[in-house]
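Trainee: I have a model open and would like to learn how to read it. Could you walk me through it?

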Amino acid sequence: MVSVSLAHEEAWPEIGELLAEHGPVLLAAARLITLNDAEAEDVVQVTFEIALRRGDTIRDRGSLRAWLLAIEAREAVRRVRSMRRFLSFGPHVHDVAATDYGHDQSLVLRDALSALPRRVRAAIALHYLADYSVRDTASALGVSENTIKTQLKTGLARLREELGDE
């Protein structure tokens, strides 16, 4: 899945355990933000690389997952923003739905999520998938708590509207 250089093995002796413990959550959040499996795996790998380089900046090892998710959310949004500058598709190019989802509801939900702005998707991923508080989500994305509350409210309203949920 994700490979990381063990150059800082003395600082991170349990890197395999970190990957096993935090990798699946990071990958799930990255998939929700990027909507692309390959890009999500790249974001997770870069997240661990950044974490290895900046490992001495974390004060509380108990908040490691929150720290990793914050790095990942920023990296995912940064990558998407930078890719937007290089990619421009004409009106004749259409998005092809992924076929690895076996259930029609999953496709509907994926389409509804893909219609949301990436920042809103990132807020939803961190708050609902990673179970972050509003304060932690705001801190991870580098915005105010009110911005996160607005993004969550707007995102859920748009999802309900798209999914036909009252």
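Mentor: Let's go from the whole chain to single helices and then to the surface. This is a predicted model, in which local features need pLDDT of at least 70, side-chain atom pairs count only at pLDDT 80 or more, and totals for chains, interfaces and linings use all residues. Residues are numbered from 1 along each chain as its sequence is written, and side-chain values use heavy atoms, with hydrogens and water left out.

Trainee: How many helices and strands does the chain have?

Mentor: Helices (H or I, at least four residues) and strands (E, at least two) are DSSP runs, numbered from the N terminus. Here you get 7 helices and 0 strands, so the order from the N terminus reads α-α-α-α-α-α-α.

Trainee: What share of the residues count as buried?

Mentor: Buried means under 20% relative accessible area, exposed over 50%, and partly exposed in between (1.4 Å probe, protein chains only). Of the 166 residues in this chain, 39% are buried.

Trainee: What span is expected for helix 2, and what does it reach?

Mentor: The expected span is 1.5 Å times one less than the number of residues. Helix 2 (residues 37-53) has 17 residues and reaches 25 Å from first to last C-alpha, close to the 24 Å expected. Its buried residues include V43, F48 and L52. At its start, a side-chain oxygen of N36 comes within 3.0 Å of the backbone nitrogen of A38.

Trainee: Which residues of helix 6 are buried, and where do they sit around the axis?

Mentor: In helix 6 (residues 134-141), V134, T137, A138, A140 and L141 are buried. They lie on the same side of helix 6, because they cover an arc of only 165 degrees around the axis, taken from the directions from the helix axis to the C-beta atoms. After helix 6 comes G142, with a positive phi near 70 degrees.

Trainee: Is N146 in helix 7 buried or exposed?

Mentor: N146 belongs to helix 7 and counts as exposed because its relative accessibility is 54%. Its C-alpha is 8.7 Å from that of V134, 12 residues away in sequence. T154 is also in helix 7, and it is partly exposed at 37%.

Trainee: Which residues make the nonpolar surface patch?

Mentor: Patch residues have over 30% relative accessible area and no salt bridge (a side-chain nitrogen of Lys or Arg within 4 Å of a carboxyl oxygen of Asp or Glu). Like charges are joined within 9 Å, nonpolar side chains (Val, Leu, Ile, Met, Phe, Trp, Tyr) within 5 Å. Here V108, L109 and L163 make a patch of about 230 Å², with areas from the Shrake-Rupley method and a 1.4 Å probe, counting only the protein chains shown as cover for residues. L163, in helix 7 (residues 145-163), is partly exposed at 38%.

Conventions: A polar contact is a pair of N or O atoms within 3.5 Å; within protein, one must be able to donate a hydrogen and the other to accept it, and residues adjacent in sequence count only if both atoms are side-chain atoms.
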